[in-house]
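Visitor: I would like a close look at a single part of this protein. Please pick one strand and follow it through its surroundings.

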Amino acid sequence: MSRLKILCLATICFGSQAIAAVQSPTTVEVFSTNEALSSVVNVNPKSKGLVVNVINKIDVLSAEATASIPKYDPKRFGNFQNYKRFAKERVIEWAHKNKSEFRSATTGITKAMKYELQSVPAVVINGEYVVYGDTVSNSVRKWRNAVGRR
C-alpha cells in the first residue's frame, strides 16, 4: 500500500474517533430577557436539550393582560361597577388561557435563583457550567473546551 493510502486510511479511522469523542451537552438552559433573546439563541429553538427561560416574561404577560382590558367608557359599560365586573371577567379568562406561560415564566425565575445567576443573558450547560453574555453556540464551544481540558 502506498503511503498516501495508509495516511488517508489512518486519518479516516482516527479522525472518526476524534469526532465521536466530541461531547454534546445534555441540557442547555438559556436565561435572557425577551429583548435579547434573538441575539442569544442562535441555534434551532427545538434543539434537543435546549430550554429557553425568558426572565421578564411575567412583565410581558402582565402588559398583554392589561392591554386586553379596554379603557372605561360610560357609553359602553354604563356605570363603573359594570366595567369592573367586565374587567375582572376578562382578566380571569385571559389568566386561564395563559396559565402555562405564567407557570413557565415562574419556573425560569426559580431556576435562575437556584443557579445564583449574576446577570443575563446566561447560558447554563448541564446545570453546572455558566457562560454570561454570549450566544448558545459560543457557550457550548467554551464548555467543550473546558471539558476537554479535564
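Guide: Here is a walk around strand 1, starting with the whole chain and ending with the loops beside a partner strand.

Keep one thing in mind from the start: this is a predicted model. The mean pLDDT of the protein chain is 86, and 84% of its residues reach 70 or more. Confidence is highest in strand 3, at 98, and lowest in helix 1, residues 3–21, at a mean of 48. Two stretches stay under 50. Residues 4–10 do so, and the model has 2 contacts for them beyond four places in sequence. Residues 15–20 do so as well, again with 2 contacts beyond four places in sequence. Where pLDDT is low, the predicted coordinates should not be read in detail.

Now the overall plan. The protein chain has 7 helices and 4 strands. Along the sequence they follow the pattern α-β-α-β-α-α-α-α-β-β-α. The chain has 150 residues, and 27% of them count as buried. Its accessible surface comes to about 10400 Å², of which 57% belongs to carbon and sulfur atoms. Contacts also reach across the sequence. Among those with a separation of 6 or more, 46% join residues 24 or more positions apart.

The 4 strands form an open sheet in the order 2-1-3-4, with mixed pairing. Strand 2 and strand 4 stand at the edges with a single partner strand each, so one side of each has no neighbour in the sheet. From one strand to the next, the twist averages 15°. Helix 6 packs on this sheet and touches strand 1 and strand 2. The direction of helix 6 makes about 100° with that of strand 1.

Zoom in on strand 1. It covers residues 28–32, and 5 of the 5 are buried, so the strand is largely enclosed by the rest of the structure. In a regular strand the side chains alternate between the two faces of the sheet. Here both faces are covered. Val28, Val30 and Ser32 are buried on one side. Glu29 and Phe31 are buried on the other.

Next, look at the partners of strand 1. Strand 2, residues 50–54, runs parallel to strand 1, and 5 bridges join the two. In this pairing, Glu29 stands opposite Val51. Strand 3, residues 122–125, pairs with strand 1 in the antiparallel sense, over 4 bridges. Val30 stands opposite Val123 in strand 3. Phe31 stands opposite Ala122 in strand 3.

One residue of the strand deserves a stop of its own. Glu29 lies in strand 1. Its relative accessibility is 5%, below the 20% cut-off, so Glu29 counts as buried. What does its side chain meet? A polar contact of 3.0 Å joins the side chains of Glu29 and Lys111. Another polar contact, of 2.5 Å, joins the side chains of Glu29 and Tyr115. Now set aside the neighbours within four places in sequence. Glu29 is then in contact with Val51, Asn53, Lys111, Tyr115, Ala122, Val123 and Val124. Val51 is the residue opposite Glu29 in strand 2.

Finally, step out to the loops on either side of strand 3. Most residues other than glycine have a negative phi, and most peptide bonds are trans. Three places here call for a check of these angles. Start in the loop between helix 6, residues 99–114, and strand 3, where Pro121 is placed. The peptide bond from Val120 to Pro121 is cis, with omega near 5°. Glu116 lies in the loop between helix 6 and strand 3 too. Phi of Glu116 is near 55°, a positive value in a residue other than glycine. Is Glu116 buried or exposed? Glu116 is exposed, with a relative accessible area of 58%.

Go on past strand 3. Asn126 lies in the loop between strand 3 and strand 4, residues 129–132. Asn126 is not a glycine, yet it has a positive phi of about 55°. At 27% relative accessibility, Asn126 counts as partly exposed.

To put the picture together: strand 1 is buried on both faces. It pairs in parallel with strand 2 and in the antiparallel sense with strand 3. Helix 6 packs on the sheet and touches strand 1.

Notes
Residues numbered from 1 in each chain as written. Predicted model: local features only at pLDDT ≥ 70, side-chain atom pairs only at ≥ 80, totals over all residues. Heavy atoms only, no water. Buried < 20%, exposed > 50% of the residue type's maximum accessible area, 1.4 Å probe, protein only. Pairing = 2+ DSSP bridges. pLDDT = per-residue confidence, 0-100. Contact = heavy atoms within 4.5 Å. Axes fitted to C-alpha atoms, helices over the stretch in contact; angles between N-to-C directions. Polar contact = N/O pair within 3.5 Å; in protein donor to acceptor, adjacent residues only side chain to side chain. Areas by Shrake-Rupley, 256 points an atom, 1.4 Å probe, with all protein chains shown as cover.
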